[in-house]
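Trainee: I should be grateful for a close look at one kind of feature here, namely how the helices pack, together with the residues that surround those contacts.

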Amino acid sequence: MSHRMVITGIGVVAPTGLGAVEHWENGLVGRSGIRPLADSAALPVKVAGQVAAFDETEHVEPRLRVQTDKWSWMALAATEFALADAALDPMGEFPFHLSVVTASSSGGNAFGQREIEALYRSGPRAVSAYQSIGWFYAASSGQISIRHRAKGPCGVIVSDGAGGIDALAQAGRLIRRGGQAVMVGGTEAPLSPYALVCQAGQGTLSGEPDPARAYRPFAREAGGFVPGEGGAMLVVEEWRRAHMRPAAQVYAEIAGTAATHDARHPAAPPADGGQLARAMRLALDRAGCDAGEVDAVFADGAGTPAGDDAEAAALAEVFRRRRVPVTVPKTMTGRLNSGGGALDVAWAALALRHGVLPPTVNAGEPAHDLDLVTRARELPGLRTVLVAARGVGGFNAAAVLRAPDR
């Protein structure tokens, strides 16, 4: 086997839509899913990216709903979408060739909040026995593997916003060890009051009540980020196996991934973006790719002056001040924690398929010399894209995606 890894299925549950098609169509026209939060008077943030049309009863049976949290419901639904898109039936596969790797940073926080309230209100006997598994970071991986009989190596990555790309890197390791297909990605549901108060401690949430002004990365008005729920799951397969399956479609090849760490206090990341730049360079090296070959960048887009300055400096270093097109489509969804990197990879794969970059919406007055894509931009020669992601605590990750061989 070649050990090369390709994306053959995309499943999305995001503020921009359910399924890859709806998500892509809404993204191209800049239709944002950032909306006012209900009952937000006492909350530290007033707007968030919300998945308005998601109905868990259509995707999760009642017995399982009482055992799990919304973030796992979304992961199960996104996995079903991805498998259908890949025309892959796990029941027809050798189970030890299938794996699951997800990313999570907040776990089942709404489930946990409910059980904590029951504990303080009524005592220990009122706490559900499922509390021990419903909130746990690996819950989504476990439930997906059970549902789809995936008995290969399974796991969870906990590196916040970098987690979706780090999970892809782990999927690549599994394929190099002989795995055939991996269900990989991440979702989050961090909009419960408990989760929002936890995030407020970072001091980087936007308090702006206007959805069109709340999240503006790389703008002079940047004043914080907007949280969001949802994410994406992908089916990735070994390259030769994917091309031997008549029903398979190949969106993109994951040509290289890398991760670094700032090794600083999370409240004081390096101002120069040096480790983020290093992650980008490593991913390019592993892809056998020069920075001059990159046609576009899907940026992390912190939405804070310090975070944006660091990323702009990293891009200037890696691309030697070449004005490569940069887009931050998560301005339509908010930052989805571990779901964000996975969704950006899905967006990048779709961009390679269609030769179009989705836009950065609601961009304000630019604070950096970037070629920021503010309207959907057709790039017929789009072949190579770089996806960057960062997580709270100093995590950096990058992935290089290439258009598939024709």
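Mentor: In this predicted model, a suitable place to begin is the pair α3 and α6, where α3 passes α6 in a right-handed crossing. The residues that meet there are W71, S72, A75, L76, T79, E80 and L83 from α3, and A139, S140, Q143, I144, R147 and H148 from α6. Sorted by class, this contact of α3 with α6 comprises 6 nonpolar, 5 polar and 2 charged residues. The angle between α3 and α6 is about 45°, and their axes lie 9 Å apart. That angle makes α3 oblique to α6.

The spacing of several α3 contact residues may be read with a general property of helices in mind. An α-helix has 3.6 residues a turn, so residues three or four places apart point the same way. Among the α3 residues that meet α6 are S72, A75, T79 and L83.

Helix α6 itself, residues 139-148, is mostly covered, with 7 of its 10 residues buried. Those buried residues are A139, S140, S141, Q143, I144, S145 and H148. Several of these names recur in the contact with α3, including A139, S140, Q143, I144 and H148. Immediately beyond, α6 is followed by R149, which has a positive phi near 55°.

The segment that precedes α6 holds aromatic residues. W135, F136 and Y137 form one aromatic cluster. Within it, W135 and Y137 make an edge-to-face pair, with 5.6 Å from centre to centre and 75° between the planes. W135 counts as partly exposed because its relative accessibility is 32%, and Y137 is likewise classed as partly exposed, at 28%. Across the whole structure, the search finds 3 aromatic pairs. Another of these joins F94 and F96, whose ring centres are 5.7 Å apart and whose planes stand at 50°, so the pair is tilted.

On the other side of α3 in sequence is L88, which lies in the loop between α3 (70-86) and β5 (98-103). L88 has a relative accessible area of 7% and is therefore buried. Setting aside neighbours within four places in sequence, L88 is in contact with L83, E93, A181, V235, R241 and R245. L83 thus belongs to two sets of contacts, since L83 is also one of the α3 residues that meet α6. By contrast with those contacts, L88 and T360 are 272 residues apart in sequence and 33 Å apart in space, C-alpha to C-alpha.

A second helix pair is α1 and α12. These pack at an angle of about 80°, and their axes are 11 Å apart. α1 and α12 are therefore roughly perpendicular to each other. A20, H23, W24 and G27 of α1 meet L343, W347, L350, A351 and H354 of α12. By class, the contact of α1 with α12 has 6 nonpolar and 3 polar residues, and no charged ones.

Burial in α1 can be set beside this contact. In α1 (residues 20-28), the buried residues are A20, H23, W24, N26 and G27. Together they pack against β1 (5-14), β2 (17-18), α12 (338-354) and β12 (356-357). Just after α1, G30 adopts a positive phi of about 75°.

The third pair consists of α10 (residues 274-286) and α11 (residues 305-318), which pack at an angle of about 40° with their axes 8 Å apart. That makes α10 oblique to α11. Their crossing is right-handed. From α10, the contact is made by L276, A277, M280, R281 and L284, and from α11 by E311, A314, L315, E317 and V318. By class, the contact of α10 with α11 has 7 nonpolar and 3 charged residues, with no polar ones.

Two further residues deserve attention for their backbone geometry. D39 has a phi near 50°, a positive value in a residue other than glycine. D39 is found in the loop between β3 (34-36) and β4 (47-49), and with 74% relative accessibility D39 counts as exposed. N362 also has a positive phi, near 55°, and is a residue other than glycine. N362 lies in the loop between β12 and β13 (371-372). With a relative accessible area of 29%, N362 is partly exposed.

Key. Residues are numbered from 1 along each chain as its sequence is written. This is a predicted model: local features need pLDDT of at least 70, side-chain atom pairs count only at pLDDT 80 or more; totals for chains, interfaces and linings use all residues. Side-chain values use heavy atoms; hydrogens and water are left out. Axes are lines fitted to C-alpha atoms, for helices over the stretch in contact, and angles run from 0 to 180 degrees between N-to-C directions. Helices (H or I, at least four residues) and strands (E, at least two) are DSSP runs, numbered from the N terminus. Angles under 35 degrees count as roughly parallel, over 145 as roughly antiparallel, 65 to 115 as roughly perpendicular and the rest as oblique. A crossing is left-handed if the near helix is turned anticlockwise from the far one by less than a right angle, and right-handed if clockwise. Contact means heavy atoms within 4.5 Å. Ala, Val, Leu, Ile, Met, Phe, Trp, Tyr, Cys and Pro count as nonpolar, Asp, Glu, Lys and Arg as charged, and the others, Gly among them, as polar. Buried means under 20% relative accessible area, exposed over 50%, partly exposed in between (1.4 Å probe, protein chains only). Rings of Phe, Tyr and Trp (its six-membered ring) pair if their centres lie within 6.5 Å; planes under 30 degrees apart count as stacked, over 60 as edge-to-face and the rest as tilted.
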